[in-house]
Structures are given as C-alpha cells and as structure tokens.
Amino acid sequence: MLPKMVSLWPLTLICFLAFSVSIAHSKTLKRDVKALNEIKASLGWRVVYAWIGDDPCGDGDLPPWSGVTCSTQGDYRVVTELEVYAVSIVGPFPIAVTNLLDLTRLDLHNNKLTGPIPPQIGRLRRLRMLNLRWNKLQDVLPPEIGELKKLTHLSLSFNNFKGEIPKELANLPQLRYLYLQENRFTGRIPPELGTLQNLRHMDVGNNHLVGTIRELIRIEGCFPVLRNLYLNNNYLTGGVPAQLSNVTNLEILYLSYNKMSGVIPTALADIPKLTYLYLDHNQFSGRIPNAFYKHPFLKELYIEGNGFRPGVDPIGAHKVLELSDTDFLV
C-alpha cells in the first residue's frame, strides 16, 4: 500500500499549487474596485496617500491599500474590512462605502467626516463593527442601522447627532457594545433596548435625554447581561427604582449630573457585583443604606452635590471611567 500512497503526492502537490495560483490571480470584484476608487477620487480622501494603483486588494507587485482587508470568495476577492482612522479625512460620509456589501468592519473614527449617516448604511448586512466616533457627523440616526443584524459593536460617540435614539437599535440581536455618548440626542431612551440579549455596555451620557430609569427598565427581564450603564450628564428625573436591582449583572452605574431625586433603595445593594456607583450632582436625599458600605465589590460610591443627610460618606476616590480601544475589539 505504501507505494500507492507515495504515488499520490505529485497529484496532491499539483492540485495545491493550482489552488494557490487561482487565489493569487483572483480578480477583485468590480463592485468593490469601483466603490473604493470613487472614495479615493474624492477630494477629502486624497490624504490616504498610500492607496497606490487601481486595485484596493493589490495587483501584481502592488500591495493592498492601507487599511483595506480583502478575502477570497469563489473566483473573486472582496473587501471585508475598511479601517482608515485618525488621518484627518474631511467631507461627507462616503455613500460609496455602502456598496461594499461584504464589509464586516468599518472603522473611520477620529477624522473630520460631516453630514448624516446615509440610510444606505442598512445595505451592509454583514457588518459586525461600525466605529465612527470622534467625527463631526450630524443629523438624526437613520433607522436603517437596525437592519445590520450581525452588528456587535456600534460606536457613534463624540459627534453632533441629534433627535431621538432610534428604537430600531433594538433590532440588533448580536449587539454587545453601544456607545452614543457626547452627542445631542433628545427625548427618552427607548426601553426596547432592554430586550437586547447580548448588550453588555451602554453609554448614552452627555446628551440631552429626559425621562426616568423606571421607564427605561419597564420591560420584564430587561438588560439580562448588561454590565455597564452610563446615563450621566443628561436631564433624567425621578428616583432610582428598587426594580433596578433586577439588572443583576450591573457593575458600573453612572448617574452623575442629572436631575434625579428621592432616596436610594436598599435593594440596589443586592446587585452582586456592583463595583462603581456614581450618584453625584443630583437631588437625592436621605441616607445611604448600610448595605452599600458592606458590599464586597463596591469600590466607589460618589455622592457629592446631593441633599443627603450629614454623615453620609462616599466610598473610594472618584475618577472618570473610560474604556480603552482594546475594549472595543470584536
């Protein structure tokens, strides 16, 4: 049997080489070539000086364009990732990007993009990560973002978006991280977001949002895996409902700089891994229940700027909590 097995090696090697050659000579899908060359030709994107040649996936001796990742699908190469950030790109959001239908990652953060996100963004059905933070984007968010069913990471923070947070974001079943802070959103936070079964981090701080926490958590079993909830620097009113203790995975609760009032319920100390509780600069009153001072995980309880009774003490040293870029990796 051994001679027969050995005799198969030349055929196997030939097949492997043929397969390798076919990959090497795969053509980039014309749709993707056209889309990226339209972007390249626009004035604001000439700063991407490393985009040499006409084929974004590389052609002959030319490497793929910087920030462009391609993969082979059948007889063609397609663009699956576009990551061009912190290079001072100016101008409106490039609609041509929405023709890259195989994109899984789109990262254009820390540039100078302006105007709205076009509704055509909903065409990118394979997108898992969308990062547009630190731009100058504006207008309302298109509800079509809710069509990106595979999205796990959405960062639109530090822009000038306005209007209400679209309830269609609740149609993103895989969403884990939602960053909407530092915009101009108004209205109430959609309670439908509580139905997201994989949402771990939600930051809507530093906007112009109104409403109450009771409204936000009104859906039974809401926010089942949420760890970090940032509601700071808005115009929220009402108290902290005892039912918030049903969000049992909370670790960070950031309520600073709102218009909330009432007493802090003892039930909140039942959240087993609550680590950071920021209540400062509201209109809370009464006492802090002793259960918080005995909590095994609570590192910081910040209470400045409220109407608590004399003798109520903080826990820990207040600091601003921010996630690094590594926390945003898919």
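## Salt bridges, sheet and core

Arg 105 is buried, its relative accessible area being 16% (buried means under 20%, exposed over 50%, partly exposed in between, with a 1.4 Å probe and protein chains only). Its partner Glu 83 is partly exposed at 23% relative accessibility. This is a predicted model, where local features need pLDDT of at least 70 and side-chain atom pairs count only at pLDDT 80 or more, while totals for chains, interfaces and linings use all residues. Residues are numbered from 1 along each chain as its sequence is written, and side-chain values use heavy atoms, leaving out hydrogens and water.

Now for the charged pairs. The whole structure holds 7 salt bridges (a side-chain nitrogen of Lys or Arg within 4 Å of a carboxyl oxygen of Asp or Glu). Here are some of them:

| Pair | N to O distance | Separation in sequence |
|---|---|---|
| Asp 55 and Arg 77 | 3.1 Å | 22 residues |
| Arg 105 and Glu 83 | 3.3 Å | 22 residues |
| Glu 215 and Arg 188 | 3.0 Å | 27 residues |

Asp 55 sits in the loop between α3 and β2 (68-73), and Arg 77 in strand β3 (helices are DSSP runs of H or I, at least four residues, and strands are runs of E, at least two, numbered from the N terminus). Both Asp 55 and Arg 77 are buried. By contrast, Glu 215 is partly exposed at 31% relative accessibility, and Arg 188 is partly exposed too, at 48%. Elsewhere, a network of salt bridges links Arg 31, Asp 32, Asp 102 and Arg 126.

On to the sheet. Six strands line up as β4-β6-β8-β10-β12-β14 in an open sheet with parallel pairing (two strands pair if DSSP finds at least two bridges between them). β4 (90-92) and β14 (208-210) are at the edges with a single partner strand each, so one side of each has no neighbour in the sheet. Inside it, β6 (residues 112-115) joins β8 (residues 136-139) through 2 bridges, with Thr 114 opposite Lys 136. β8 also pairs in parallel with β10 (residues 160-164), again over 2 bridges, and Asp 139 faces Phe 161 there.

Finally, the nonpolar side. The largest nonpolar core has 81 residues, of which Leu 82, Leu 106, Met 202 and Phe 223 touch the most other members (a core is a set of buried Ala, Val, Leu, Ile, Met, Phe, Trp, Tyr and Cys residues joined through side-chain atoms within 4.5 Å). α3 gives the most to this core, with 3 residues. Beyond its neighbours within four places in sequence, Leu 82 has contacts including Leu 36, Trp 51, Arg 105 and Leu 106 (contact means heavy atoms within 4.5 Å).
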